[in-house]
Amino acid sequence: MSNGLRARAALALATLVALAAAAPLGAQRGRGGEQAATPRQAAPVDLTGYWVSVVSEDWRYRMVTPPKGDTGGVPLNAEGRRVAGEWDPARDAAAGEACRAYGAPGLVRLPGRIHITWQDDRTLKIEADAGTQTRLLLFGGDPPPATADRTWQGVSTAAWEGGRGGGSPGAPRWGTLRVVTTQLRPGYLRKNGVPYSENTVLTEYFDLHPGPREATWITITTIVNDPKYLAQEFITSTDFRKEPNGSKWSPTPCRAD
Amino acid sequence: MRNRSCAVLLLLLAAAVPAGAQISLVGDWSSRVHEDSTRNDPRIGEFGGIPLTPQALAHADAWDESRLTVIERQCVPNGAAWAFRGPAQIRIWEEKDPTTQDVVAIKTFIATFSQTRTIWMDGRPHPGKYAPHTWQGFSTGTWRGNMLEVKTTHLKRFFHRRNGLPQSDQAVLTEYFIRHGNNYLTHVTMVEDPVYLTEPLVQSQNFVLVANVTPATYQTWTVCLAQEEIPGRPRGYVPHYLPGTNPYVREYSTRFRLPFEATRAGAEAMYPEYQDRLRRMLQAPVAAPAAMASAPVPARAQTQAEPEIVQVATDVYMIGGAGGNVTVHAGPQGLFVVDAGAEMSTAQLVAALRGISDKPIRYLANTSADADHVGGNVAVRALGQAIRTREYIEEGAVIIAHETVLHRMSAPTGERSPTPPAAWPTMTYATGQQDLAFNGQAIQLVRLPAAHTDGDTVVFFRRSDVVATGDIFDPTRYPVIDLAKGGSIDGEIDAINWLLDLLVPGEKEEGGTMVVPGHGRVCDESEVMEYRDMLTIVRDRVKAMVDKGMTLEQVKAARPTFEYDPEYGASEAFVEAVVRGVQVRR
């Protein structure tokens with residue numbers, strides 16, 4: 001082999017090695033480092049279990065239904081403010097739309113518990129006892145094509161971001177779950193009618209981390225993008241603490257008020 | 001060609017490293033205050049979402065916003081446990097070892113109050129218990145995958161919420177900085193505060209990476225010059241409300257139609273199941289709970305026994321943990337020592353002194369005659385040697401104190417003295433002040449009468465800018481006001497206000513003149529201010545009670561020190577001294 005050919009071969013090999021290394025580790029390897037075929041096996045962190053929201057922020061917006069027009073903190077545009085000012089919970093209840101505040105963009109802000117399980121190897125299920133809602137997070141591939149059937153929880157695609165701490169084989173695994181949700185039925189960011197539209201794109205990051213007193217926490221960062229009603233992205237982060245079991249799990253129906 | 005291939009390979013590999021494995025937080029970040037949007041200016045009575053103790057609530061009920069106008073409080077910046085929650089423009093950068101290129105520290109700069117914070121990444125330990133506290137505390141960081149975990153201790157007293165809900169100086173902060181993609185940063189704060197929180201306070205806030213930042217973005221609130229804002233107020237005035245008199249505590253709950261009780265329910269109201277109770281309360285309002293006088297007082301942290309040396313200034317050290325604090329000024333002429341600790345700690349004290357300098361001890365000043373300050377007099381004196389003069393021919397170091405200290409330590413002829421003659425002051429002063437020059441610096445001994453006792457001395461090292469206060473200022477407990485020895489609450493408050501006049505804080509109410517208290521860690525003006533505020537508030541409360549005709553027992557039962565007890569401990573003797581002092585004044 002000539003020097004030129006050898007050099008080109010080396011370059012090609014380097015490219016292949018680099019591209020292989022560039023693929024997200026979570027997509028390839030299981031928790032033990034072995035080859036893994038499914039997102040469940042590739043999960044760098046274990047999000048399953050019962051989690052309780054600890055309402056230390058936006059307390060008066062979350063623990064009670066705030067008055068109409070009280071939209072503090074939400075970067076609404078003029079149209080958003082106008083629609084928020086038309087909130088009528090009795091009308092929602094009568095129209096069978098009591099769950100408008102329980103859609104994916106607002107669900108984690110409601111006080112309650114969530115239960116995370118693997119429905120199958122490619123689907124992570126999040127149940128919320130507030131409003132008795134269920135979200136399905138689908139790993140791998142593109143989201144299904146948009147249909148007219150919009151739902152409160154929309155269609156969510158999920159992917160692991162992360163790998164092994166520091167890159168060394170013995171380091172603990174870490175990672176973030178990134179979820180993008182579309183095809184949402186129009187609903188409320190807060191119970192008092194702060195609106196989001198059917199065009200909303202919801203991006204979430206689920207981060208697992210330890211806390212004081214040997215507790216485990218998930219912080220869910222929520223980014224709501226809705227040009228129809230928002231002047232800029234609406235970003236919140238909600239903190240859940242892991243519970244030992246489901247003894248406090250208490251499904252309740254949606255309430256419009 | 002081979003070199004070029006290698007270079008390409010390296011470049012590709014570098015680019016191929018998963019983003020998380022090479023996380024960098026570096027950049028300019030702008031906060032998005034989309035939750036708790038009033039957090040920078042909360043209303044009085046807005047306490048929901050905080051797992052507060054009854055003591056925190058009592059503190060907040062006494063809070064008067066005018067307290068922020070007190071001259072010592074005007075330039076106080078945001079503490080680390082709160083700073084990232086304000087509307088903030090933040091710059092994050094790394095400091096690297098020039099040789100190894102290892103990250104030694106991650107630094108943050110917040111435009112609000114121009115606060116720079118250092119997060120040490122080199123594995124260094126946190127300081128000991130006698131080291132000074134700062135607004136930003138002492139932070140160490142480690143990476144947990146894509147998250148930077150930061151532990152912070154040594155925080156100054158601040159607020160969990162800026163409406164009077166206090167954060168104690170025992171608070172410990174854990175944070176996670178989590179970068180999401182290129183543009184987002186989530187910052188989780190977890191505060192444990194054994195004094196004012198019943199469980200950890202966990203909150204999170206969000207930032208967006210911003211480009212094209214100009215210097216003007218950060219040039220806000222960079223200079224603070226404290227000046228009297230409300231002329232005519234008496235010296236040492238501390239705005240506050242007496243129990244049950246704050247007219248604003250219900251304003252928040254009334255305005256937002258919230259049950260008053262729920263806004264003050266602490267941790268219980270932070271969980272989903274409280275919603276049912278809230279709904280019931282909204283249907284049938286419940287009366288607010290009565291006074292919290294029966295609430296338990298959280299236990300104080302245990303003290304450590306081993307002496308610890310803290311460098312306070314270039315040539316001044318504090319030895320903590322040998323009884324009362326010992327201050328040591330070291331220079332070419334020898335050592336000037338303030339107080340000698342407790343007798344039982346003499347061996348450790350001597351070892352600590354010799355660890356600082358092997359120069360002879362020339363002076364030992366006693367701030368009072370208390371056993372935990374003069375117990376080591378004999379040993380320290382014997383260890384030293386006075387600078388010989390024609391007038392002074394005693395062996396050992398000069399022991400200098402106000403003459404009342406000599407009176408207390410000695411006894412009239414024929415009676416047994418409480419301390420051996422070798423421990424007595426060998427040089428006394430009878431006036432208000434004794435000046436001397438030593439090691440090229442002016443040292444002033446100032447008598448502050450009728451405070452802890454009638455013979456208290458503070459020692460001011462003028463060039464080093466350090467004051468040793470003796471037990472006039474003791475941040476670990478209420479002052480011991482020894483009525484039998486001429487102490488009084490008004491004298492104590494006067495002494496603390498005199499001290500505040502003397503102290504010149506550094507930038508942003510931190511550092512500057514450093515304070516070695518009678519016990520506890522090295523302090524600066526902010527801790528003395530908090531102490532003054534506590535003394536004044538308790539004195540005012542007791543006075544109001546005595547004016548109403550309450551007896552000593554009734555005053556004690558009303559617990560006028562309630563919210564301060566977790567920090568300062570047993571209050572019975574102090575309250576009694578305050579009552580007696582107030583009664584005498586009437």
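**Strands and salt bridges in a predicted model**

Reader: Which residue of E9(A) does A:Arg178 stand opposite?

Author: In E9(A), the residue opposite A:Arg178 is A:Tyr205. The model is predicted: local features need pLDDT of at least 70, side-chain atom pairs count only at pLDDT 80 or more, and totals for chains, interfaces and linings use all residues. Residues are numbered from 1 along each chain as its sequence is written, chains are lettered from A and ligands numbered from 1 in the order in which they are written, and side-chain values use heavy atoms, without hydrogens and water.

Reader: What makes E6 of chain A a partner of E9(A)?

Author: Two strands pair if DSSP finds at least two bridges between them. Strand E6 (residues 173–182) of chain A is joined to E9(A) by six bridges, so the requirement of at least two is met. The two strands run antiparallel.

Reader: How do you know that E9(A) and E10 of chain A pair?

Author: Eleven bridges connect E9(A) with strand E10 (residues 215–225) of chain A, in the antiparallel sense. Within this pair, A:Pro210 stands opposite A:Thr216 in E10(A). The hairpin of the two strands has three residues between them, and A:Arg213 takes a positive phi near 60° there.

Reader: Why is strand E9 of chain A called mostly covered?

Author: A residue counts as buried under 20% relative accessible area, as exposed over 50%, and as partly exposed in between (1.4 Å probe, protein chains only). In strand E9 (residues 201–211) of chain A, nine of the eleven residues are buried. Over the 257 residues of chain A, the buried share is 54%.

Reader: What makes the meeting of A:Asp70 and A:Arg60 a salt bridge?

Author: The term requires a side-chain nitrogen of Lys or Arg within 4 Å of a carboxyl oxygen of Asp or Glu. For A:Asp70 and A:Arg60 the N to O value is 2.4 Å, so the pair qualifies. A:Asp70 lies in the loop between helix H3 (59–62) and helix H4 (78–84) of chain A, whereas A:Arg60 lies in helix H3, ten residues apart from its partner. Helices here are DSSP runs of H or I with at least four residues, and strands are runs of E with at least two, numbered from the N terminus.

Reader: Why are A:Asp70 and A:Arg60 called buried?

Author: A:Asp70 has 14% relative accessibility and A:Arg60 has a relative accessible area of 10%; both values are under 20%, so both residues count as buried.

Reader: Are B:Arg279 and B:Asp276 buried or exposed?

Author: Neither term applies: B:Arg279 has 25% and B:Asp276 has 45%, so both fall in between and are partly exposed. Their side chains meet in a salt bridge at 3.4 Å, N to O. Both lie in helix H6 (residues 274–283) of chain B, three residues apart, about one turn of the helix.

Reader: How do you know that B:Arg532 forms a salt bridge with B:Asp533?

Author: The closest N and O atoms of B:Arg532 and B:Asp533 are 2.9 Å apart, so the cut-off is satisfied. Both residues are buried. Salt bridges with shared partners join them into one network, which includes B:Arg67, B:Glu72 and B:Glu530. The structure holds 56 salt bridges over all chains.

Reader: What is the average pLDDT of chain A?

Author: The average is 87, and 82% of the residues score at least 70, where pLDDT is the predictor's confidence in each residue, from 0 to 100. Over residues 1–5 of chain A the pLDDT is below 50.

How values were computed:
Contact = heavy atoms within 4.5 Å.
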